[in-house]
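Thanks for coming. I'll talk through some salt bridges and then one pocket.

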Amino acid sequence: MSHTPLRSPARRPQQDPIVRVRGLVRSFGHGNVLDNLSLDLQPGSFTALLGRSGCGKSTLLRTLAKLDPAPDGTVELPDRRAVVFQEPRLVPWKRVLRNVTLGLRHADADARGLAALDEVGLLHRANAWPLTLSGGEAQRAALARALVRDPRLLLLDEPFAALDALTRLRMQGLVETLWSAHAPAVLLVTHDVDEALLLADRALVMASGTIAADIPIPLDRPRRHGDPGFIALRSRLLAELGVDEEHLAGREPQRAATGAKPGGYGLPASAVAAPSR
Amino acid sequence: MAATAATARGHRFGSTAHFPGLRRYVVPLGLLALWQASVGLGWISTRSIPSPGQILATFWELAASGELAMHLLVSLGRVSAGLAIGVSVGTLCALTAGLSRRGEDALDPLLQMLRTLPHLALVPLFILWFGIGETPKVALVALGTAFPIYLNLFAGIRTVDAKVVEAVSTLGLTRWELIAHVILPGALPAFLTGLRYALGVAWLSLVVGEQINASSGIGYLAMTAREFLRTDVIIVALIVYAVLGLAADQIVRLIERAALGWRPVFVKE
């Protein structure tokens with residue numbers, strides 16, 4: 001397995017997948033939430049998982065995180081996995097560094113924890129209590145807690161959804177940096193089409209418990225909202241999600257008003273397919 | 001006029017700002033002064049209640065003779081023994097019921113039924129079972145303190161944030177590590193609430209226990225004083241009970257402050 005930094009892993013030749021899912025079925029009560037779903041994730045790939053509320057994307061992520069009981073079908077996963085949720089979910093009675101090193105068995109756990117905190121820019125808060133952190137800081141601590149485990153698969157369950165717009169932009173940039181430095185396979189569940197297009201090399205659209213569309217995103221980085229390729233892919237993704245762009249036209253002036261920052265991504269117009277929470 | 005009154009009040013409370021602990025004692029001390037004045041002015045007969053000065057003198061007398069210390073040690077011994085047993089049993093039951101469904105099914109219905117029984121009503125039964133020695137007194141304290149500990153700790157274990165537990169479960173902890181690092185610390189605030197309540201119950205049980213066939217202890221001191229119409233001694237005994245209860249509560253407060261430093265402080269002193 002390659003550990004070298006990867007700028008655009010999607011363009012590399014195919015390797016053995018690090019996640020292999022075949023014939024995944026999960027039912028709750030009346031219907032199948034996951035219906036004969038198959039999925040491969042390449043090592044070091046960045047995949048966004050989109051879909052309307054209730055399409056089963058959260059269930060898929062929970063299955064890959066082994067948070068739900070074993071389903072029907074084949075699921076092959078790497079040993080080193082980490083999850084970041086929408087809420088930071090830090091343990092309030094452990095200081096930030098102890099949260100990051102929780103469960104680590106290495107002799108140099110503290111050094112690793114401090115290094116991870118340094119990487120997310122939170123070294124100065126290593127000794128703080130989690131409840132004294134801001135929303136963005138707490139989410140960075142959660143990222144450090146995932147990062148310190150050197151995961152081969154990083155599962156992100158709408159990790160930026162609860163953050164304010166500016167903090168979200170910074171966090172998206174941070175996740176991209178961390179991903180290119182450590183090259184885990186990332187699966188990002190999101191409602192935000194722009195976020196998917198900014199970060200991922202591949203977008204999966206889920207519908208009725210299965211992968212309805214598998215769209216490569218072969219854009220150069222850093223990406224900008226105004227690029228022609230970006231706009232074309234945005235239309236295509238929205239179409240796959242069943243959103244008529246004409247109906248979103250009313251949102252455009254808002255984007256113009258907030259403006260794109262030079263050198264940054266610009267504020268996303270949050271082309272939200274279906275906010276659920 | 002109203003403005004002046006408001007300012008004056010602000011000043012009075014403001015003056016204790018540097019000694020936040022003192023503010024809690026303003027009202028009791030005020031009542032004490034009123035009491036001394038009432039007896040001194042003859043509003044209250046010294047036979048029904050002596051003055052605080054008289055009580056203080058009696059206190060010194062009892063303290064100097066070593067009598068008070070002896071009875072105090074006996075009472076403290078009973079409360080400590082009873083608490084140790086009660087808190088241990090309550091904790092053990094709460095852990096068993098809180099950490100496993102089978103444990104809950106086995107213990108919770110029984111304990112919920114027993115806790116509705118006023119434990120002081122068991123005194124006659126305890127005398128028949130355990131005689132009139134130390135055992136029924138310690139047993140009464142133990143029985144009374146086990147329930148608040150059980151109820152609070154059980155609820156505390158069950159209300160630890162499930163989302164945090166889920167997130168931590170992805171970090172590769174063993175079940176025991178999860179319990180030690182997440183579930184028990186999360187239940188600690190509830191346990192300490194239970195402990196404060198248990199301490200109150202402990203003194204109550206001791207008062208009742210020591211008034212039956214005791215030959216030592218603060219309660220015995222008060223009961224013998226009654227036979228000699230020594231209201232001053234009775235009140236010394238009552239004050240000792242009160243001070244002990246207050247001290248115990250302060251100790252738990254200190255534990256809370258030390259152990260729960262992670263909680264945001266909502267009330268600024």
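**Salt bridges and a pocket**

In this predicted model, A:R20 and A:E76 form a salt bridge, with 3.7 Å between the closest N and O atoms. A:R20 sits in strand β1 of chain A, residues 19–28, and A:E76 in strand β4, residues 72–76, so the pair ties together parts that are 56 residues apart in sequence. As for the surface, A:R20 is partly exposed at a relative accessible area of 33%, and A:E76 is partly exposed too, at 41%.

The next pair crosses between chains. A:R105 makes a salt bridge with B:E177, and here the closest N and O atoms are 2.7 Å apart. On the chain A side, A:R105 is in the loop between α2 (96–101) and α3 (109–119). On the chain B side, B:E177 belongs to helix α9, residues 175–210. Are these two residues buried or exposed? A:R105 is exposed, with a relative accessible area of 53%. B:E177 counts as partly exposed, at 22% relative accessibility.

Back within chain A, the side chains of A:R125 and A:E137 meet in a salt bridge at 3.5 Å, N to O. A:R125 lies in the loop between α3 and α4 (135–147), and A:E137 in helix α4 itself, so to speak twelve residues along the chain. A:R125 is partly exposed, with a relative accessible area of 21%. A:E137, at 15% relative accessibility, counts as buried, because the cut-off for buried is under 20%.

Some salt bridges share partners. One network of this kind joins A:R62, A:D68, A:E87 and A:R89 with B:K163 and B:E166. Over all chains, a search of the whole structure finds 26 salt bridges, and I have picked out some of them.

Now the pocket. I mean the second largest pocket, which holds about 580 Å³ of space. Which residues lie nearest its centre? They are B:P28, B:L29, B:L32, B:I239 and B:V243, out of a lining of 15 residues. Three elements of chain B each give two or more residues to that lining: α2 (26–40), α3 (52–64) and α11 (231–259). How do the lining residues divide into nonpolar, polar and charged? The count for the second largest pocket is 15 nonpolar, no polar and no charged.

To recap, the A:R105 and B:E177 salt bridge goes from chain A to chain B, and the network that includes A:R62 and B:K163 is joined by salt bridges with shared partners. The second largest pocket has no charged residue in its lining. That is the end of my part.

How values were computed
Residues numbered from 1 in each chain as written. Chains lettered and ligands numbered in written order. Predicted model: local features only at pLDDT ≥ 70, side-chain atom pairs only at ≥ 80, totals over all residues. Heavy atoms only, no water. Salt bridge = Lys/Arg side-chain N within 4 Å of Asp/Glu carboxyl O. Helix = DSSP H or I, 4+ residues; strand = E, 2+ residues; numbered from the N terminus. Buried < 20%, exposed > 50% of the residue type's maximum accessible area, 1.4 Å probe, protein only. 1 Å grid on protein atoms, 1.4 Å probe; cavity = no way out; pocket = protein on both sides within 12 Å on 5 of 7 lines; lining within 4 Å. Points joined across faces, edges and corners; volume = space filled by probe spheres on them. Nonpolar A, V, L, I, M, F, W, Y, C, P; charged D, E, K, R; others polar.
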